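Please open the model in your viewer and keep the sequence panel beside it, since the tour below moves from one selection to the next.

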Amino acid sequence: MQSSLVPIQDSIAARLLGKVFSFYLILATAVTISHMVAEYIRTKEAVQRELKIIERTFTPSLSVALWEMNQDQLHSNLRGLVELPVIVGVQVRTPEGKISEDIGEVIPRPENSLISTGMNDSASGLFWHTFQIQHLRGEKVYLIGSVTIYSNRGVVIEKVKFGFLLLIMNAAIKIIGFWVIFLWIARTLLSRPLAELTHATQQLHLDNLENVKIHVATKGKDELKVLGEAFAAMIEKLSQTRLALYKSKEELEEKVVERTKKLTDSENRLAEAQKMAHLGSWDWNIVDNTLYWSDEVYRIFGVQPQEFEVTYEAFFKFIHPFDRPFVQDAINAAINEKKPYGMDHRIILSNHAERIVHERGHVIFDQSGTPLRMVGTVQDITERKQIELDLKRAKRLAETANQAKSAFLANMSHELRTPLNAILGFSQIMANSQNLDFGEKENLRIINQSGEHLLRLINDILDVSKIEAGEVSLNETNFNLYHLLSEVRDMFRIQTEKKGLAMLFKWKSNLPQYIRADETKLRQILVNLCNNAVKFTTEGAVVIRVMSALQGSDSLTNVSDEMSRPITLHFSIADTGPGISSVEVDRLFDPFYQSQAGQKHQEGTGLGLTISRKFIQLMGGDITVKSIVESEEGSGGSVFLFDVQVHQVNRPEVNQQSFFSRVVGLVSDEGSSPHRILVVDDVKTNREVLLKLLSPLDFELQETSTGQEALEICKNWTPHLVWLDMRMPGMNGYEVVKKIRSSELESQPVVIGISASVFEEDEQKAFDAGCDGFVKKPFKEAEIFEEMRNHLGLKYVYDGPSIQEMAFQGPEGSVHRSGRPSIRPSKPRGVGTPMWWSADDAFRDFTGDADTHQVNEHILESIRGLPAQWKSNMKQAIEQVNVVQIRSLIKEIYEEHTTIANEIQKVIDQFEYERILKFVENE
């Protein structure tokens, strides 16, 4: 379709031409003027050259005329010069510089003034050439004067005017031609394609996209061609967009229908939800006192919309008369204090039924603070209130049941531990008899072992009950950690020796000896884990490792002197037992769960690990387990790893305990009277246990079964120490000790409470009542004598050395007593180095095939010749007990020093790190 062009004065081509032509005109003018100036200068120089040529032509005749002073000839020559086209004036001067002749246009100058050739006078437009006139006479040359010939710019202009005309005409023709050609080109190449695009744009709309054709008549891929193609592409995209738009419009219409349906459904569901929740909304227009209620509000109030006056006063009539003042106060506060309210109140329905509703509301104000509307919700909470009442009643019943449970546990503890106290007590007493043969002592050992096992089962059940009731707390004391580890090791010595197992306790020099923590719980954790390890291990070893680290430290370091900083103790208990499957590991810490190995042994309650984990968590740590199941290809094993938080204390802060062999007598001062001991217990067998333990020593003993008799004996006999059962019929032990402390006796006795209760609050209750000490049933012989030693200052005679007199090999050694052989059994086949920080390394050590050999000290001497850096790294690895690093260092020297590497590995396998350390330390 042909399109009309834009008028020239409005077209882009004309405006563009105006800009370009202006520039071109300035340029052409400048070039023309430059050419004219250059032509003028060139012509002037040509005139000056002609003047020099005239000098050579007229000099001989002028020389003769001046020498002979022939004025006619001189005038004739001068007029001849003036008549030349390039000369407008001539001036002759004498040798003295005086003017003798002037013809034509000359510049008036003073006498004797020097005029040089080529000078100009801008005012007159003259320029000149001066030359001297000489005469040769014989061999001598005489200066007879000078001649100056003048010319002017008119001469030059006359010569160049035709050239100037040609230059001006040439410039004019170029300018006009440029204007016409550029205008035609611009209109053809620019205006017409733009007109095509303009015409297409005018036709462009969504319903006419197919009829719009774009054809830009240009050659090549110029900007207009690209613009035309882009415009065509835009039309194509618009067509696609139109299709998409129509499709989106259809989809949108469908969605509107769908959303409308969903909105309707949502409103229906909201109404249904409000109905189910008994929650309705309301809107009170305060200005015109009109009230809007949702359908659910009408249902809550039991009224039909047509029956309701939709006013605030009509709503207020439904409120229970007793609650109206509170509702009114809440609404007034919401309006006056501008704060929302929420409250429960009662309503009376038309059928006189009473319901309880929870109402919320807030006021909407205008910009001036005037209340406009109040909106809110009302919910029927009658059923919820009823449920709350039922829950309160259930809570009271649960508390009553819990109290009954606590009472049952206390009674169970007393009823079960009391006879166990007699069984274990008498078995200890009988075991001290020298008249029993081996068989009888073995029977007593079985009785005592069975009683201890029964006691552990009872303790486990009671501990779990306390844990579930949330009644477990820490009872931290200061104690000797080395002694505790020694106790645990000695507890399992007979079992491990009987089974041929190696049981090794290993720790580093940074392990603190004196700490503050819950000693009882830590001992129970270690006993539970060690008991499982020993029970399920038939060959190999059980290795217990202990390490310490300051909390927040990145490496294991010696404990800081700042006792306020907590210490993390890391424990690992590794065994070479059958292992535990991954399925069983996930349930290992569940109450009453027993693994397949545990079911085969048919021992325990399945509560030990549950209790241990709870205690560990209570002490600020956690426990994990790694295990390899025993198979035909190799042995198995398990590693239990846990950590607890403790504090280091100084040695004087530790309550020194006297662990001893059997007491056979007292060390008495001469002239001192025997100590008077009163035993108070309503169970005769419990009294007999204490009396039989104490009667071999030099004590005065009395016994009673009631609290009242105990008070009479204290008043009349004034005992030094009273063993007092805290749970007795009639007057219990708590009442007895309170009366003793409040009575005016000659001297107050030491009162040590005895109880079969496992509840720690009972122990604290005994101390609060006035007891000086506390022992739980069933007690051990050692505990009885230790309490008496602490409170009466007694000194005993033993049948063997006490542990206070024994030394402990702490760092990197098995705990053992001096005076007896150190129990360091040779490592059975397959035993490695289980480490707490790497259970995987422990398994590799256990499942390895390292045999125990005699270490060759001569070969170890060769370590001194190894590189200093290697020895330094080995020293650091040994001090940090970094097994991974030790193995890596051994591997470094294996190829060049195979014999030395093998010998070092043997020493490491036997845990004798010190033997390596002495060869790698600086000499």
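Contact, in what follows, means heavy atoms within 4.5 Å. The model on your screen is a predicted one, and residues are numbered from 1 along the chain as its sequence is written.

**The whole chain**

Begin with the protein chain in a cartoon view, where the secondary structure comes to 26 helices and 24 strands. Of its 923 residues, 42% count as buried, and the accessible surface comes to about 50100 Å², with 54% of that area belonging to carbon and sulfur atoms. If you consider contacts between residues at least 6 apart in sequence, 66% of them join residues at least 24 apart.

**Stop one: Asn 152**

Select Asn 152, which you will find in strand 5, the run of residues 140-152. Which residues does Asn 152 contact once its neighbours within four places in sequence are left aside? They are Val 88, Glu 105, Gly 125, Leu 126 and Phe 127. Because buried means under 20% relative accessible area, Asn 152 falls in that class with its value of 13%.

**Stop two: Thr 537**

Move next to Thr 537, placed in the loop between helix 12 (519-536) and strand 14 (541-550). Is Thr 537 buried or exposed? Its relative accessibility is 0%, so Thr 537 counts as buried. Show the residues around it, and, not counting those up to four places away in sequence, you will see that Thr 537 touches Lys 499, Leu 501, Val 542, Asp 575, Thr 576 and Gly 577. One of these partners, Leu 501, is worth a distance label: Thr 537 and Leu 501 are 36 residues apart in sequence, while their C-alpha atoms are 8.0 Å apart in space.

**Stop three: two surface patches**

Switch to a surface view and select Phe 162, Leu 165, Leu 166, Met 169 and Ile 173, which make a nonpolar surface patch of about 540 Å². Ile 173 has its place in helix 3, residues 153-203, and it counts as exposed because its relative accessibility is 59%.

For a patch of another kind, select Glu 250, Glu 251, Glu 253 and Glu 254, which gather on the surface as a patch of negative charge. Glu 251 is found in helix 4, residues 223-277, and at 37% relative accessibility it counts as partly exposed.

**Stop four: salt bridges**

The structure holds 20 salt bridges, and a few of them can be visited in turn with side chains shown as sticks. Start with Glu 337 and Lys 339, whose side chains meet in a salt bridge at 3.0 Å from N to O; Lys 339 is partly exposed, with 42% relative accessibility. Go on to Arg 346 and Glu 354, where the N to O distance of the salt bridge is 4.0 Å. Both ends of this pair can be checked on the surface, as Arg 346 is partly exposed at 25% and Glu 354 is partly exposed at 43%.

Then select Arg 384 and Glu 388, which meet in a salt bridge of 3.8 Å, N to O. Why are Arg 384 and Glu 388 separated by about one helical turn? They are four residues apart in helix 8 (residues 382-431), and therefore about one turn of the helix separates them. Arg 384 is partly exposed with a relative accessible area of 40%, and Glu 388 is partly exposed at 31%. Add Asp 344 and Lys 385 to the selection, and you have a network in which salt bridges that share partners join Asp 344, Arg 384, Lys 385 and Glu 388.

**Last stop: two backbone angles**

Finish with the backbone. Most residues other than glycine have a negative phi. Select Asn 289, in the loop between strand 6 (279-285) and strand 7 (290-293), where phi is near 55°, a positive value in a residue other than glycine. Asn 289 is partly exposed, with a relative accessible area of 25%.

Then select Val 310, which lies in the loop between helix 5 (295-301) and helix 6 (312-316). Val 310 is not a glycine, although its phi is positive at about 50°, and its relative accessible area of 29% makes it partly exposed.

How values were computed
Predicted model: local features only at pLDDT ≥ 70, side-chain atom pairs only at ≥ 80, totals over all residues. Heavy atoms only, no water. Patch = residues over 30% accessible without salt bridge, like charges linked within 9 Å, V, L, I, M, F, W, Y side chains within 5 Å. Areas by Shrake-Rupley, 256 points an atom, 1.4 Å probe, with all protein chains shown as cover. Lys, Arg positive; Asp, Glu negative; His and termini not counted. Charge placed at Lys NZ, Arg CZ, Asp CG, Glu CD. Helix = DSSP H or I, 4+ residues; strand = E, 2+ residues; numbered from the N terminus. Buried < 20%, exposed > 50% of the residue type's maximum accessible area, 1.4 Å probe, protein only.
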